[in-house]
Amino acid sequence: MTVLKTKIGRRSFLKTSAAAGGGLMISFSWLASCSTKPEKEALQMPKEWFEMNSYLKIGENGIVTVRVPNPEFGQNLKTSMPMIVADELDTDWKNVISEQAPFDTDKYVRQLSGGSQSIRQTWKSLRLAGATARHVLKQAAANAWQVPLNEITTANGQLMHQASERSASYGEMAAAAAQIEAPEEVTLKTPQEYNIIGTSKKNVDAAKIVTGQPMFGVDIKTEGMAYAMIVHPPAFGMKLKSFDQSSVQDLPGIQDVFAFKTFEDGYERNYFDTNTHNEMVAIVGNSTWEVMQAKKALKVEWEAFGTHSHTMDMFGRKVDITIPGGLESSNSHLADMHAKASKPGTELRKDGNPGQAFEEAETIIERTYSAPYLAHNTMEPMNCYADVKSDFALIRGPIQAPEFIEKSIAARLRLPLEKVDIQMERMGGGFGRRAYGHYMVEAAVISQQMKKPVKLMYTREDDMTYGIYRPTYTATYRAALDKDNNLIGWHVKGGGIPESPLGRGAANRFPAGAIDNYLAEEWALDSNITIGAFRAPRSNFLAGAEQSFMDEIAEAAGKDPIAFRLELLNRAKNDPVGKTNDYEVDRLIDVLELVRDKSDWGNPKPGVSRGVSAYFCHNSYAAHVVDVKVERGRPVVEKVTCAMDCGIVVNPDAAANMAEGAIIDGIGNALFGEMKFNNGVPEKSNFDQYRMIRHAEAPKEIDVHFVQNEIDPTGMGEPPFPPVFAALANAIYGATNKRLYQQPFLGEEVKLG
């Protein structure tokens, strides 16, 4: 039994209004309902809603609306979060409606989708919301029937008192319950009592998505709205010199053309304000087509900028960022990285005496791995609707981190924070890209200038050539084996532009803790190319490199790859080295053993080669076995077996979908993903140049399994992504006898074998 204080998000449980008019906030339909089987009696819209707390309201007919605090971008929050609330509320899932909550961090605590933290960070708040509502419903029934509270039971939206044989629906008691203050603490269900959590529910937006109904930010359209696009510098390292407004001002439908700065000079940016092209030109007109034509015709001059710096607020830590001048190229980046990597790095962790271990080693293995910049390429390009008045700004758009960009918008418009209202629209993809909401500031500035509502639209080319990119990385690994092929020394030195992949605790992950002599070093190079979070930041490179190297060591030692990893993990479990190991040994063992058993590791199919990989990141554990054939020089992924430990799985179908998506995305990026720069210019600007995985190249089968435990949910969206890079590389090695050290493994022209 778990008892929680309602101090968590206490404002969420303070009532400001007990009732709301029926049908005013949403229009009910089965397309919005969480049920997959419409039932005639539930089609009636409530005449009146009763607010239980900020997370939910109940209609007089028992329909429950659950407000989803975090923004949705395909991770199924609009289904999974209501499931958690509904289970603690003890109501019938068919009577639950999902609704995006307003942006209000006083009530909802954390309204950020990123880092695979949405469910993990809101798990207790959501349960508390449901349990608190159930408590006041029970209290209302106890008051009405004059019976002890502890004799009231609930099930499927019904209140019962066995001794008096009385019962009532939640709808019947909702009005009275809405008048009762939330208790100081409530008792939560045990995992054994869950009725909805742990069962598979269909995505509540699935019907809208497949029928193309307007629901994304890009679909917004209002009366009198203008359309805006931006012209940004053609190369990183350049800034605006001048533009000729007369070149387009007379074109059909063009309302205005003007230059603007996203952030004012001297503004202290926060972590998600990353933006290199601060000054650009806005074109505003009557239609997207007309603005696009003007954008092509506009005459603009650009010039190189010099090295400069600014201070950023990194979650309360002030950091000076240097932006070097110059037009950078990938070829010179590679040379600079190799030169930097040849020098000593910054020591992150040292156990034992690595130098002596390598001197005494019987065998030393050294390999260098590298990976290029990657572009996010969300299916829905960046966009934002803004309606800025003299004293109020309405901002509607797809955004992962509204709390951070709200501050930047308010500062840029010179409005009080409470005068900026951000409405979160469903996102057509994110992967970290939409944590950086500079496009919202841009839309707000353009609307303020135009004194009318505008919708800012990026073209695909804008999106691909205007950052934010995954950094480019490299890492050199060295392993020392003794005469009995025991791993006695490990040295990793990793770096990148402009960050190291080994930061933020990564140096303390496995195999740290399992090797007596261990050294991790890092380095970084400044750059003016904008980078940012990309699905499983840093881990998306590190896992591929480390787990590929692990496979090569196992081969050199004459050991089975899974047995070799388990041998090291058992050392870390029974006799750990160091005290700051950033992983739970048993959970990593569990996923390795599960994937070994589910893939029937010891019995591969004839003609199929296999590769394994396991990694911990974002609080969860993932292991994959990839089965590959190579046909005409191209890999054919026959099957991926996946084992995950992400704690309690709220919605198994949704979780499996996330793992499948991450695996396909990872294979695509491993084989094809690459962005290069030449004199500051991104060499690819659209999908005819930037190669993505195609349907025919996806795995023929993906088999996902979850470790069963009662650990609170950890992370799901990102952890399955990093290890698939190495599992694929290791499988391809089995088929071709060629190790892969540089991503992408394939591209359009490369043949394997």
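## Two helices side by side

How are H13 and H14 arranged, roughly parallel or roughly antiparallel to each other? This is a predicted model, and in it the axes of helix H13 (residues 561-574) and helix H14 (residues 585-598) cross at roughly 160° and come within 10 Å. Angles over 145 degrees count as roughly antiparallel, so that is what H13 and H14 are to each other. The crossing that H13 makes as it passes H14 is left-handed.

If you want to look at the contact itself, the H13 side is made by Ile562, Arg565, Leu566, Leu569, Asn570, Ala572 and Lys573. These meet Val585, Asp586, Leu588, Ile589, Leu592, Glu593 and Arg596 in H14.

## Another helix pair

Now for H15 and H16. Their axes are 9 Å apart, and the two helices pack at an angle of about 60°. That angle makes H15 oblique to H16. H15 passes H16 in a right-handed crossing.

On the H15 side, the residues in contact are Ile663, Gly666, Ile667, Asn669, Ala670 and Leu671. Their partners in H16 are Val724, Phe725, Leu728 and Ile732.

## The nonpolar cores

In soluble globular proteins, nonpolar side chains tend to be buried together. Here the largest nonpolar core has 105 residues, and Trp490 and Leu728 are the ones that touch the most other members. Helix H15 (residues 652-672) gives the most to this core, namely 10 residues. A second core, separate from that one, has 45 residues, among them Met52, Ala129, Ala140 and Ala142.

Leu728 has already come up as one of the H16 residues that meet H15. As for Trp490, leaving aside residues up to four places away in sequence, it touches Phe358, Tyr477, Arg478, Pro511, Ile515 and Asn517, among others. Its contacts also include Tyr518, Leu519, Glu546, Phe549, Met550 and Ile553.

## The five-stranded sheet

Strands of a sheet pair through backbone hydrogen bonds, either parallel or antiparallel. One open sheet here has five strands in the order S19-S29-S28-S27-S20, with mixed pairing. Strand S19 (346-351) and strand S20 (363-371) are the edge strands, each pairing on one side only. On average, neighbouring strands of this sheet are turned by 10° against each other, ignoring direction.

At the S19 edge, five bridges link S19 to strand S29 (residues 517-524) in the antiparallel sense. Lysine 350 stands opposite leucine 519 in S29, and Leu519 is also one of the residues that Trp490 touches.

## The seven-stranded sheet

There is also an open sheet of seven strands, again with mixed pairing, in the order S13-S15-S11-S25-S22-S23-S24. Its edge strands are strand S13 (254-261) and strand S24 (420-424), which each pair on one side only. Neighbouring strands in this sheet are turned by 25° against each other on average, direction ignored. S13 and strand S15 (residues 279-285) run antiparallel and are joined by seven bridges, and lysine 261 stands opposite glutamate 279 in S15.

Helices pack on this sheet too. Helix H6 (residues 288-297) touches strand S11 (226-231), S13 and S15, and its direction makes about 25° with that of S11. Helix H9 (residues 402-413) touches S13, strand S22 (383-388), strand S23 (393-397) and S24, and the direction of H9 makes about 145° with that of S24.

## Backbone oddities

Most residues other than glycine have a negative phi, and most peptide bonds are trans. A few spots here depart from that. Isoleucine 497 and proline 498 are joined by a cis peptide bond, with omega about 0°; proline 498 lies in the loop between strand S28 (487-497) and S29. Glutamine 743 and proline 744 are also joined by a cis peptide bond, with omega about -5°, and proline 744 lies in the segment after helix H16 (722-736).

That segment after H16 is also the place of asparagine 737, where phi is near 65°, a positive value in a residue other than glycine. Glutamine 146, in the loop between helix H3 (118-145) and strand S7 (152-155), likewise has a positive phi, near 55°. Are these two buried or exposed? Exposed means over 50% relative accessible area, so glutamine 146 counts as exposed at 67%. Asparagine 737 is exposed too, with a relative accessible area of 61%.

How values were computed: Residues numbered from 1 in each chain as written. Predicted model: local features only at pLDDT ≥ 70, side-chain atom pairs only at ≥ 80, totals over all residues. Heavy atoms only, no water. Core = buried A, V, L, I, M, F, W, Y, C linked by side-chain atoms within 4.5 Å. Buried < 20%, exposed > 50% of the residue type's maximum accessible area, 1.4 Å probe, protein only. Helix = DSSP H or I, 4+ residues; strand = E, 2+ residues; numbered from the N terminus. Contact = heavy atoms within 4.5 Å. Pairing = 2+ DSSP bridges. Axes fitted to C-alpha atoms, helices over the stretch in contact; angles between N-to-C directions. Parallel < 35°, antiparallel > 145°, perpendicular 65-115°, else oblique. Left-handed = near helix turned anticlockwise from the far one by under 90°.
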